[in-house]
Amino acid sequence: MSANRSSNGELAIVLHSHQPYVEGFGTWPFGEEWLWESIATSYLPLLDILDGGAPVTLSLTPVLCDQLEAPGAMARCAAFLAGIRVESHRRDTASAAGEPGVVAALEHSAARYEWARERLAQLGGDVLGALGRHAAWTSSATHAVLALLATSAGVRLQLRAGIDGHRRRFGGGWRGGFWLPECAHAAWLDPLLEEAGVRAVCVDLTDVLAPDGHLRPLRSPAGPLLVPIDRATIELVWSRGGYPADPRYRSYHAFTHHRHRAWSNDGAPYDPARGAAAAREHAADFVTRVRARVAGGGLCVFAVDTELLGDWWHEGPLWLAAVIEEAAAQGLSIARLDDALARHEPAPAPADLPVTSWGTPRDLSTWSAPPVAAVAWSARDAELRAVAAARAGGADARAVRELLALQSSDWAFLVSRDLAEPYGRERAAQHRAALDAALAAPGAHEPSLRNLAPEASAAALLEP
């Protein structure tokens with residue numbers, strides 16, 4: 001590898017795009033409406049930025065891709081945008097008569113959904129194909145916390161199904177970038193990642209390395225590059241006091257009767273012009289701060305969930321576009337992560353790296369602590385039973401897919417963060433029951449589980 005391209009260092013923006021498999025599993029308030037919202041408010045606005053040449057590293061999880069290409073899914077999304085969203089805005093607007101500021105905010109919201117409907121139609125519903133032009137990194141099949149899996153065979157199943165799906169969809173240009181779900185890393189995973197062709201993963205070593213240690217990749221002894229994400233930079237956006245908390249931005253938490261957002265964080269009716277001005281100010285501030293962060297050289301990796309931009313933070317896409325423009329104006333180099341890694345010599349990884357994640361605290365407790373222990377232990381027990389059944393010739397395609405579905409990190413996350421606890425527990429219980437039924441009567445059940453993990457095979461479970 002060569003030396004850093006610039007003594008001033010560079011920035012890599014990594015957007016991790018993910019939804020649990022909700023397509024066909026419930027509607028409002030929990031279920032596939034989450035996916036339609038992300039398409040309308042995050043993925044389609046982001047696509048316009050990417051198509052404009054923004055040097056952003058896009059990660060698409062296989063389970064998100066499974067849903068975007070599921071038969072009939074995009075037609076239902078279009079119907080949601082043309083029907084439910086139009087009517088729900090109409091009703092809220094009628095209820096807000098006499099409050100011109102609220103009416104204007106709802107009209108702005110309705111116009112954004114109409115734009116999304118038109119953009120989806122322009123793409124012929126092929127959101128996956130459009131995003132796929134920019135897809136650089138992949139992940140495990142169903143966003144399982146690999147460090148919590150019980151067996152190497154279970155890890156191989158998640159890796160192969162995910163990576164094979166990425167290659168089928170997007171061709172042979174994958175350069176080995178792999179998003180570790182929840183940035184959950186344990187050293188025992190490294191040989192398995194290397195075996196699967198993974199060349200780089202992002203890790204959160206906030207409480208492990210000195211501040212400057214986050215600006216250089218690490219070479220693990222047995223596996224891929226470990227790329228520290230820069231929490232100091234990320235928290236400019238993703239923290240209680242981060243940019244999205246500014247009074248001028250649209251509130252994520254204040255809803256109309258039909259769950260639309262018509263107010264700013266300061267309680268005033270939302271003003272799009274005021275929010276856009278704040279986004280430009282914060283983009284300039286972000287670039288200035290990152291320039292200072294890398295003034296002595298190094299690679300600053302700013303990694304966030306794609307859905308933060310638009311779905312959770314309404315002005316997020318405006319902010320991202322402004323960051324790209326402001327970086328050019330201020331002379332900050334932004335690079336795609338795979339390219340940047342070729343220019344930054346890695347340091348040896350510490351021999352005693354602990355198990356880490358980007359949870360709070362930086363361990364695995366978000367997915368394994370007492371509130372979610374039953375979910376975690378059920379998944380591990382199911383994995384052991386599925387591996388044993390596979391080696392005895394009794395694990396069919398349905399059992400494999402139900403295991404993958406059960407292993408998703410999302411069910412425990414929904415419970416531990418009290419976001420949609422009943423839905424998280426119900427989905428985990430449903431997949432465990434379906435797995436038990438499949439193991440009890442191999443071949444008796446439809447194997448598809450809608451469109452989840454079509455590349456999955458029990459063959460991975462036969463290896464040690």
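**Stop 1: helix α14**

Select α14 and colour its buried residues: Arg398, Ala399, Val400, Arg401, Glu402, Leu403, Leu404, Ala405 and Leu406. That is 9 of the 10 residues in α14, so the helix is mostly covered, with buried meaning under 20% relative accessible area. Keep in mind that this is a predicted model.

What covers these buried residues? Show the helices around them. The cover includes α6, α13 (373-391), α15 (409-416) and α16.

Now go to the N-terminal end of α14 and pick Asp396. Asp396 caps this end. Look for a side-chain oxygen of Asp396, 3.3 Å from the backbone nitrogen of Arg398.

**Stop 2: α14 against α16**

Keep α14 (residues 397-406) on screen and add α16 (residues 421-440). Their axes come within 8 Å and cross at roughly 160°. Are the two helices roughly parallel or roughly antiparallel? They are roughly antiparallel, because angles over 145 degrees count that way. The crossing of α14 and α16 is left-handed.

Show the side chains that make the contact. From α14, select Arg398, Ala399, Glu402, Leu403, Ala405 and Leu406. From α16, select Ala428, His431, Arg432, Ala434, Leu435, Ala438 and Leu439. Colour them by type: you should get 9 nonpolar, 1 polar and 3 charged residues.

**Stop 3: two positive phi angles**

Step to the loop between α15 and α16 and select Asp418. Its phi is near 55°, a positive value in a residue other than glycine. Is Asp418 buried or exposed? Asp418 is exposed, with a relative accessible area of 57%.

Next, move to the segment after α16 and pick Leu449. Leu449 also has a positive phi, about 45°, although it is not a glycine. Leu449 counts as buried, at 8% relative accessibility.

**Stop 4: Arg156**

Select Arg156 in helix α6 (residues 152-170). How accessible is Arg156? Its relative accessibility is 11%, so Arg156 counts as buried.

Turn on the side chains. Arg156 and Glu195 are joined through their side chains by a polar contact of 2.7 Å. Then find the backbone oxygen of Pro464, which lies 2.4 Å from a polar atom of the Arg156 side chain. To see the wider surroundings, show Leu192, Glu195, Ala460, Glu463 and Pro464. Arg156 touches each of them, with residues up to four places away in sequence not counted.

**Stop 5: the loop between α8 and α9**

Two arginines are worth a click here. Start with Arg248, in the loop between α8 and α9. Which side chain does Arg248 meet in a polar contact of 3.1 Å? The partner is Glu281. Show the residues in contact with Arg248: Ser264, Tyr270, Arg274, Gly275, Ala278, Glu281 and His282. Neighbours within four places in sequence are left aside.

Now select Arg261, in the loop between α8 (231-234) and α9 (272-293). Arg261 is buried, with a relative accessible area of 14%. The Arg261 side chain reaches the backbone oxygen of Tyr252 at 2.9 Å. Beyond its neighbours up to four places away in sequence, Arg261 touches Arg250, Ser251, Tyr252, Ala254, Phe255 and Asp311.

Add Glu87 and draw a line between the two C-alpha atoms. Glu87 and Arg261 are 174 residues apart in sequence, and that line spans 15 Å.

**Stop 6: Arg336**

Go to the loop between α10 (316-330) and α11 (337-341), and select Arg336. At 37% relative accessibility, Arg336 counts as partly exposed. Highlight Gly53, Ala54, Pro55, Val56 and Thr57. Arg336 touches these residues, again not counting those up to four places away in sequence.

How many residues along the chain lie between the positions of Arg336 and Gly176, counted as their separation? The two are 160 residues apart along the chain, and their C-alpha atoms are separated by 13 Å.

**Last stop: a cis peptide bond**

Finish in the loop between β9 (347-348) and α12 (365-368), where Pro361 has its place. Show the backbone from Thr360 to Pro361. A cis peptide bond joins Thr360 and Pro361, with omega about -5°.

Note on methods. Residues numbered from 1 in each chain as written. Predicted model: local features only at pLDDT ≥ 70, side-chain atom pairs only at ≥ 80, totals over all residues. Heavy atoms only, no water. Helix = DSSP H or I, 4+ residues; strand = E, 2+ residues; numbered from the N terminus. Buried < 20%, exposed > 50% of the residue type's maximum accessible area, 1.4 Å probe, protein only. Polar contact = N/O pair within 3.5 Å; in protein donor to acceptor, adjacent residues only side chain to side chain. Contact = heavy atoms within 4.5 Å. Axes fitted to C-alpha atoms, helices over the stretch in contact; angles between N-to-C directions. Parallel < 35°, antiparallel > 145°, perpendicular 65-115°, else oblique. Left-handed = near helix turned anticlockwise from the far one by under 90°. Nonpolar A, V, L, I, M, F, W, Y, C, P; charged D, E, K, R; others polar.
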